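Could you walk me through this structure, from the overall layout down to a few chosen elements? A short tour in plain words would be welcome.

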2 protein chains.
Amino acid sequence: MARPQRLSGFPEWLPEGQVVQQFIEDAARRVFELHGFGGIETRAVEPLEQMLRKGEIDKEVYVLRRLHADERDADAGLGLHFDLTVPFARYVLEHAGHLEFPFKRYQIQKVWRGERPQEGRFREFTQADIDVVGRDVLPFQYEVEMAVTMAALLAELPIPPAVIQVSNRKLAEGFYRGVGATNPASVLRAVDKLDKIGIEATKRLLEEDAGLTQEAADACLSLAAIRTPDSSFVDRVRSLGVSDPLLDEGLIELAAVVDGANLLRPGSVVADLRIARGLDYYTGTVYETELVGYESVGSIASGGRYDSLASDGKQTYPGVGISLGVTRLVSVLLGRDLVRVTRPVPTVVLVAVLDDDSRPSSEQVAATLRSRGISCEVAPSADKFGKQIKYADRRGIPFVWFPDGGGHSVKDIRSGAQAPADAEDWRPPEEDLVPRVLTTTSQEAQP
Amino acid sequence: MARPQRLSGFPEWLPEGQVVQQFIEDAARRVFELHGFGGIETRAVEPLEQMLRKGEIDKEVYVLRRLHADERDADAGLGLHFDLTVPFARYVLEHAGHLEFPFKRYQIQKVWRGERPQEGRFREFTQADIDVVGRDVLPFQYEVEMAVTMAALLAELPIPPAVIQVSNRKLAEGFYRGVGATNPASVLRAVDKLDKIGIEATKRLLEEDAGLTQEAADACLSLAAIRTPDSSFVDRVRSLGVSDPLLDEGLIELAAVVDGANLLRPGSVVADLRIARGLDYYTGTVYETELVGYESVGSIASGGRYDSLASDGKQTYPGVGISLGVTRLVSVLLGRDLVRVTRPVPTVVLVAVLDDDSRPSSEQVAATLRSRGISCEVAPSADKFGKQIKYADRRGIPFVWFPDGGGHSVKDIRSGAQAPADAEDWRPPEEDLVPRVLTTTSQEAQP
């Protein structure tokens, strides 16, 4: 067969890139578990009617059918999930009788969207989500915890500075009502386009589509321009002279999130009233995250509070969550050369083989090293040592072990230094034990 | 919405089940990396023509289309991968210029098959694969290494005894030729059905479909009955009086795999000449793995040598691999109650909150514990302590931390024992640090 074509929008990394992706997934899992989130996985498919209930993304869903499906196929009407929030809400409803609430979970999986691929936007990508869902009630404190947990994770990653931008749907909706909007959702949709289409076009949308007066449209644009590193946004909103009970509630909540998060993680969060989030299931706090200097790739961690995503008619399961865009982040780190990896293979040592008869003793050395947590391989053929060293060099393995008759020795093939060694107590330098991710400013990512 | 229906063939675990699956995936990754396999991921989709080139499973593939696809859609003709070997072969061809050979990789991902669900057979399931691929040549030694690496992994899992059964396509094909078969593939297909349809029906297939004489059919069935824990199968095959150069080659290879693997991992491998493997891309050693006492669920780890799966016309990339059926294994462990999990949440300690004003000092305790690798949560509300203890108890969190004015203390809510504690040096008992997987005979799985 001919060399296969790359599929646009379906990224795959070389082994070095996978080391970076694995580093991020490991960090996410470690930080999430330290904060009390347990892992689950949901199936990749959901009934279409379930997925299309919420959001404006029906055109982006991939539908499945079996190649030789017959008419009565039970798989008909299934699609690949486009996020991990809708499947999680379904999981909670399906398994509610077996779960304890509030239920805190993390989930690191691929999702699919049939969108036009561009930088930072893929058809298949990995997300790392945390959510907390309560039964009927969910303490507000979790809206602070989402920002704090994500900030803790971002601080461990080999990335440029990141800022979590927070707003609040109640604040926005209350304000829009306060200026006389009869359809706050259409105002939100217009404001959501601000970054893309600019102030003038947004103003036109606000007046023509959302039916606002010129004055009301100006007030909404003034609201969207407010961005503060603390709760001083409250006074700036108040100075716009709009009042509404829902606006008051939103102001109090947003101030609590910004101040609460910055108390624990100073500088991690800003209030940014431009943040709207496209998906219409959010009902309170909403989050987006900017990678400073790389804003054009879009948000790398987003989410919000949702009160009615999961409900079985008798009970509702309000939740709040935030999702790290793992693939987007890896693609920026690799695409902009922001990181490098010390080697592409886990192997620290190639154990050489003197001749076919002595292979078992080489295998014994390898078994001992592995039992001590040192990754190694035994040379596949008893070639001349020079050829075995070249094999290690070519594959990026830093050490070669020689199990000679006279006594074992190990050679660092980068420096050429060779020294006697015993498999029971030899250790590589700590920085060689596993492949590491370094930022290109040479500062090592903290494992 | 009404409570969602479970989808047959798309298993999902409760949090306890996910702890088991994660344990297996972590063990696989650790063992694979210690043996020098690096991780990669491939996209979930492949062009249909690529997938249908090999194997007899075209009817089982899920085809994708975008919900609002137009005629010229670039996604047309994509399906979900049904294994990780075919995508890996495509990855090798696509990225060959950037890889070093032999290329050793592991891959832990979901795959999809539109099969009729039954015990141990799913429509969506996770596999953990290792493969080694060479450029033009691949040393035979890797066929031993596959069995040894998988045996090392199986020995670390909380499962009943497992035996890797090995056979060899050259041995079988040479033998079939030696008895006069003109179409060895049809003989192989008949023998592959032996377990399912029995000796008599297989014999009919051999005579009628494969065109063997009665004597030749008997010889093939005698071959399939040979199973030995060592290389004594060679004499038993020889005693059947068939000779062929390819048979000789296969006998030597199979003896080398069985003896080589059992030298390093005594008792892990048997020669079993009944093993055929359905997929037609195998060309040498083939592996299947029986869970002793649970044979009916099918093989839990399978694979083999393939010489021409990946070829771009100029170069071929022969490989050998073996794949652990993670979902199948988890479903047996959970479905037959072979394991239990010590708790469903990662959290060791709930840090109580005295009142809203003192929340920051509770958060400080939590931050200190987390920096020392201890998973904890801060209570979401400053309820009465009794209510906070119930919150921990209900969710399975074993310890509650009280940051009282007079001095901190920690309570084991299982025993009721309470003692003064300092977040800088308190540690839970080692067995409480993370959720553990225990076999139901109470023997702990080795982490």
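The report below goes from the whole chain to the pairing of the two copies, and then to some helices and strands.

## The chain as a whole

Please keep in mind that this is a predicted model. Chain A contains 13 helices and 19 strands, and its C-alpha trace spans about 90 × 60 × 45 Å along the principal axes. Chain A has 447 residues, of which 51% count as buried. If you take the contacts in chain A between residues at least 6 apart in sequence, 69% of them join residues at least 24 apart.

The domain assignment splits chain A into domain 1 (7–160 + 293–336), domain 2 (169–265) and domain 3 (349–439). Between the C-alpha centres of domain 1 and domain 2 of chain A there are 27 Å. Where these two domains of chain A touch, 7 residues of domain 1 are in contact with 7 residues of domain 2. On the domain 1 side of chain A, that set is made up of 6 nonpolar, no polar and 1 charged residues.

## How the two copies meet

A turn of 180° with a shift of 0.0 Å along the axis lays chain A on chain B, with an RMSD of 0.0 Å. The two copies are thus related as by a two-fold rotation axis. In chain A, A:Leu64 has the C-alpha nearest that axis, 2.5 Å away from it.

How many residues does each chain bring to the contact? Chain A gives 68 residues and chain B gives 69 residues. By class, the chain A side that touches chain B holds 29 nonpolar, 17 polar and 22 charged residues. The copies meet through the same surface, because 100% of the interface residues of chain A are also interface residues in chain B.

Strand pairing also links the copies. Strand S3 (residues 62–66) of chain A pairs with strand S3 (residues 62–66) of chain B in the antiparallel sense, over 5 bridges. One of the partnerships joins A:Arg65 to B:Val63 in S3(B).

## Strand S10 of chain A and the loop after it

S10(A) is mostly covered, with 7 of its 7 residues buried. A:Thr285, A:Tyr287, A:Thr289 and A:Leu291 point one way from the strand, while A:Val286, A:Glu288 and A:Glu290 point the other way, and all are buried. So if you look at either face of S10(A), you will find buried side chains' residues, including A:Tyr287 on one and A:Glu288 on the other.S10(A) has strand partners in chain A, listed here with one bridge from each pairing.

| Pairing | Sense and number of bridges | Bridge partners |
|---|---|---|
| S7(A) (residues 162–168) with S10(A) | antiparallel, 7 bridges | A:Asn168 and A:Thr285 |
| S10(A) with S11(A) | antiparallel, 2 bridges | A:Val286 and A:Gly304 |

Follow the chain onward and you come to A:Val292, found in the loop between strand S10 (285–291) and strand S11 (301–306) of chain A. Is A:Val292 buried or exposed? A:Val292 counts as exposed, because it has 10 C-beta neighbours inside 10 Å. Leaving aside neighbours within four places in sequence, A:Val292 is in contact with A:Pro160, A:Pro161, A:Ala162 and A:Val163. A:Pro161 lies 131 residues from A:Val292 in sequence, yet their C-alpha atoms are 5.6 Å apart in space.

## Two covered helices of chain B

Helix H5 (residues 169–178) of chain B is mostly covered, with 8 of its 10 residues buried. Among them are B:Leu171, B:Phe175 and B:Tyr176, and charged names such as B:Arg169, B:Lys170 and B:Glu173 are buried too. What do the buried residues of H5(B) pack against? They pack against strand S7 (162–168), helix H6 (184–192), helix H8 (214–224), helix H10 (245–264) and S10 of chain B. Just after H5(B) comes B:Gly180, with a positive phi of about 100°.

Helix H11 (residues 326–335) of chain B is also mostly covered, and 8 of its 10 residues are buried. The buried residues of H11(B) include B:Val326, B:Arg328, B:Leu329 and B:Leu333. Their cover includes helix H1 (15–34), strand S6 (124–133), strand S10 (285–291), strand S12 (319–325) and strand S13 (339–341) of chain B. After H11(B) comes B:Asp337, whose phi is positive, near 55°.

Note on methods
Residues numbered from 1 in each chain as written. Chains lettered and ligands numbered in written order. Predicted model: local features only at pLDDT ≥ 70, side-chain atom pairs only at ≥ 80, totals over all residues. Helix = DSSP H or I, 4+ residues; strand = E, 2+ residues; numbered from the N terminus. Buried ≥ 20, exposed ≤ 12 C-beta atoms within 10 Å, placed from the backbone. Least-squares fit on C-alpha atoms with pLDDT ≥ 70 in both. Pairing = 2+ DSSP bridges. Domains from an automatic or database assignment. Nonpolar A, V, L, I, M, F, W, Y, C, P; charged D, E, K, R; others polar.
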